[in-house]
Amino acid sequence: MPSLPPPVWAELHYDGAWNTATGLRTKTAITVTRGLTSESSSEAEPTTCTCALGNRDDRYSPRNPMSPLYGKIGRNTPFRWGYNIGSPWVELTTVENGLTTPGTGLAVSDLDLRLDIALEAWAGRDLAGRYLSTGDNRAWAVTVYETGQLVLYWSPDGTLASRTAVFSTVAVGAYNGQRLAIRVTLDVDNGAGGYEVRFYTGRTVDDDEWTLLGEPVVGATTTAVSNGTAELELGRVKGISGDAAAGKLYAFRLLDGIGGAVVASMDAADAAPDDDSFTSGGRVWTTVNAAFLTNRHVRMAGEVPAWPPTRDLSGNDNIVSIAPTGITRRMDAGNKPQDSALRRYIRARGALECWPLTDGVDSKTAKSMFGGRDMAVESGSLVRSPSWAAGTLADWIEPVVGVTQDMIGGLIGYTPRVPSVGIKWSVDVFLTGGAGNADYAFDIVDTGSGTDADPQRSIRMHLGGELQQVLIIRRSETTNASEEVFLGNYYGLNLFDDQPHALRVTVDIGPFPGVHLYVDGEEQVYVSLDVDVGPVSQIRLGWGFSTIAGETLTDRAVGYLTYWNYAGPTAAEVWDAYMGFQGESASARIERLAAEAGYTASVAGQVVYEQRMGIQGRAKLLALLNEASRTNFGYLLDARDRAEVIHRGGSTLWNQTPALVLDYSAGLISAPFRPVDDDKLTENDVSVKRRYGAVPARQVLEEGALSVQDPPNGVGRYDNEYTYSLATDGQADQVAGMRVHLGTYNGVRYTRITLNLANPRVFAMIDEILRTDVGDLIRLTRLPADHGPDDVDVLVHGYEETAGPDEWTITFNCRPGAPWTAGVVGSRRYGHVDVSGSQLAAAIDADATSVSLTSTEGSLWTSDPDDLPFDLKVGGETMTVTAVSAEAVVIDTFDRTVAEGWGTPDFGPPWTTDGGSASDYSVQGG
């Protein structure tokens with residue numbers, strides 16, 4: 001048990017490095033709040049911390065020119081805080097570092113290796129191996145590829161020629177810094193003439209059940225794993241060309257055979273902080289280069305927004321009470337909504353020039369997005385200035401130039417002169433409207449000087465709405481002559497209606513010059529050129545109107561004239577941005593949005609299980625990030641140990657191994673501990689509308705204890721309506737069903753669980769407690785009898801941590817975890833389903849170790865040894881089924897072994913000798 005206050009530390013980042021925050025006051029409690037409250041279903045607030053720094057020398061006064069930190073600290077100075085406590089781990093830096101042990105006694109037949117590790121970035125890193133190119137000492141190695149996929153290398157004879165590399169079929173799916181257990185197995189002979197490789201993730205290296213990562217990879221021939229003399233390396237593999245791991249290494253297992261005997265084992269908890277070598281699993285492990293052992297936990301990383309001084313009136317003391325926050329606070333600053341996805345994309349991808357045409361109503365010219373020359377309005381007696389900010393391309397795009405039915409005119413812009421655009425250039429324009437005989441003239445002129453030696457060439461296009469056509473001309477101007485070459489007249493472009501459209505012109509520059517025309521991301525026209533057309537110097541967009549009597553036209557809108565070099569995005573990619581990236585995964589949207597704004601975001605979860613997002617609208621950055629997280633039923637949070645944003649997807653919440661198992665009877669839970677049995681989270685009638693979608697989808701629970709029926713058959717109607725960003729209307733039905741599922745959990749809510757870390761019994765679990773994070777599962781066991789007979793699972797929704805001279809506590813804000821448990825086909829833990837009905841076939845008493853049941857309907861109980869053992873509940877008691885034998889066609893016998901014996905039931909229906917009825921003795925589980 002540590003003395004209070006616990007061993008805390010704090011650091012500030014200046015001079016390009018982390019520096020100790022001297023004078024951290026421990027006589028004042030330090031608090032950290034992270035995540036959500038137990039009742040909140042919206043987005044998490046930014047992580048906050050409160051602490052005090054001694055400031056008697058005025059060093060933490062940013063405006064004090066005598067401070068040694070003058071000019072080094074100020075608003076939003078990076079800050080982090082934590083403890084030196086608990087078991088150590090191996091800290092891996094970005095240099096060639098790691099942990100090694102001699103290569104003796106490590107021969108394996110089938111391979112089963114497991115690694116407990118947290119990587120700074122889950123891409124392009126070495127994990128573990130016995131793999132040296134010298135002396136043909138290649139046995140095996142595991143790495144993370146640049147795509148985030150795990151890779152297993154092995155050689156049956158140590159040579160490169162016989163080496164095999166197998167990739168996991170999906171990426172690991174972890175956020176930066178996330179701790180995971182990785183497992184890789186190689187069955188060298190699968191009994192069908194081949195080998196089989198499987199990749200898994202879990203919580204610890206000793207998990208009973210692992211989550212399969214992707215699909216098994218089966219080879220066509222049997223194989224073997226070489227032994228050799230190479231040392232075992234963790235965190236780096238010298239014979240592989242990848243980068244050494246950067247992160248934290250906790251444990252390792254190498255088994256001879258899948259689930260076989262352990263031949264090498266490492267637990268960093270067996271070491272002490274700052275050890276250079278230690279013994280674990282009977283082997284000596286040695287740190288290499290910059291790797292070191294530490295137990296320095298970062299519990300909060302953020303920024304200090306203000307440095308308010310608090311001077312004691314006596315003049316004897318001076319402190320600065322700071323309140324660092326996570327970076328999501330800055331993301332949410334101000335009230336300006338994000339630019340449209342198209343605008344952000346064009347800026348992020350580095351176009352040579354763009355005139356968005358989003359200028360205000362009093363504009364006279366169109367401003368460049370990149371500070372170039374304005375685009376001017378064409379002059380002439382019939383020309384009218386366009387209607388600035390009066391056009392609508394789409395609801396999610398900024399207002400652009402509007403062109404009315406009777407308007408004639410145009411815009412001309414001059415592009416920046418660049419020495420080269422490479423092998424091609426492209427020009428995009430975005431438009432809508434213009435049905436009927438309205439037309440556009442699109443003229444793109446190159447940088448030629450117009451002399452005989454250097455002709456000025458252009459591509460001219462006339463776009464007609466009546467026939468949905470484009471006429472393309474190549475024009476050349478020299479000193480004394482001009483030339484026009486008709487390149488073609490093309491129909492059916494479908495550009496002129498009330499839908500948003502994108503037109504791209506791409507010109508190939510030698511040796512095979514040509515013109516490509518793309519509409520809405522797809523190529524519609526290609527025509528070869530007889531001469532080269534050089535880089536663009538000017539772009540003219542003109543528009544006309546019908547001269548046909550009685551012709552009815554529609555208004556038009558046009559915007560975002562954009563010029564790209566050869567490295568610009570494809571037409572399909574730009575169209576995707578124009579359409580607000582509809583259909584992209586939630587994780588991809590979060591990472592992209594953050595990157596476009598200059599932040600780092602990383603995500604956990606498998607893309608295949610994510611919801612696909614709808615059209616990205618215009619909102620503040622944090623609102624857009626939270627929208628994606630909400631659609632994915634996940635958590636968006638400040639990272640705990642770095643100034644980044646993490647998203648924990650909903651797929652990571654299902655069927656979790658508990659992060660903590662808390663035995664109430666052991667005195668692990670502190671007051672207040674008041675479960676709530678209320679309707680706070682109840683939703684049994686949910687409508688979900690897709691933004692920009694059709695009719696809302698609706699899901700209603702019609703029957704059951706929490707159904708819409710009036711009591712006592714239900715609880716009455718609890719109806720809610722939501723709007724989600726979804727790619728399809730069909731997804732709305734899924735989301736509504738999920739909300740009803742979460743909103744009709746029929747159980748007690750354990751909203752707040754407080755642990756006193758200064759309690760010796762609790763402190764014994766400090767490693768597991770400090771690892772527990774938002775989204776993790778906590779299991780409560782041996783609860784008071786009035787809480788019911790079962791263990792209770794809760795999901796961590798947020799927490800508040802306090803470290804001070806009088807208390808050291810963490811309070812978890814929780815939501816029910818049971819709704820996040822689901823059946824999994826083929827799983828020993830989650831793969832059992834109920835039989836339709838069973839009843840007692842013979843009397844039982846307190847000494848019985850078996851029970852005979854009659855299956856009254858449906859299937860019999862499984863007797864497959866691969867399904868055993870499993871737990872089931874009968875009348876409130878839990879039984880462990882170790883064997884099932886069919887003594888008659890409908891008779892199954894359950895042999896039972898439980899350490900504390902069966903005893904007389906204290907709850908549930910009493911055991912009787914008449915066999916009872918199926919309804920009295922229904923069996924759940926199995």
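Let me start with a single residue, L662, which, once neighbours up to four places away in sequence are set aside, touches L668, I669, I753, L755, M765, I778, R779, L780 and T781. I should say at once that what we are looking at is a predicted model, so please hear everything that follows as computed from that model.

L662 is one of the residues with the most contacts inside the largest nonpolar core, a set of 75 residues, and it shares that standing with F79, W81, L755 and L780. Two of those residues, L755 and L780, also appear among the contacts of L662 that I have just listed. Which strand gives the most to this core? That is strand 48, covering residues 792–803, with six residues contributed. There is also a second core, separate from this one, which has 47 residues and includes L111, A174, Y195 and W285.

Stepping back to the chain as a whole, we have eight helices and 55 strands, and of the 926 residues 52% count as buried. If we consider contacts with a separation of 6 or more, 67% of them are accounted for by residues 24 or more positions apart. The C-alpha trace spans about 110 × 75 × 75 Å along its principal axes.

Turning finally to the surface and the charges, the accessible surface of the chain comes to about 39,200 Å², and carbon and sulfur atoms hold 48% of that area. As for the side chains that carry charge, 74 are positive and 118 are negative, with the centres of these two sets lying 8 Å apart.

Methods: Residues are numbered from 1 along each chain as its sequence is written. This is a predicted model: local features need pLDDT of at least 70, side-chain atom pairs count only at pLDDT 80 or more; totals for chains, interfaces and linings use all residues. Side-chain values use heavy atoms; hydrogens and water are left out. Helices (H or I, at least four residues) and strands (E, at least two) are DSSP runs, numbered from the N terminus. Buried means under 20% relative accessible area, exposed over 50%, partly exposed in between (1.4 Å probe, protein chains only). Contact means heavy atoms within 4.5 Å. Accessible areas come from the Shrake-Rupley method with a 1.4 Å probe; for residues, only the protein chains shown count as cover. Lys and Arg count as positive and Asp and Glu as negative; His and the chain ends are not counted. The place of a charge is taken as NZ of Lys, CZ of Arg, CG of Asp or CD of Glu. A nonpolar core is a set of buried Ala, Val, Leu, Ile, Met, Phe, Trp, Tyr and Cys residues joined through side-chain atoms within 4.5 Å.
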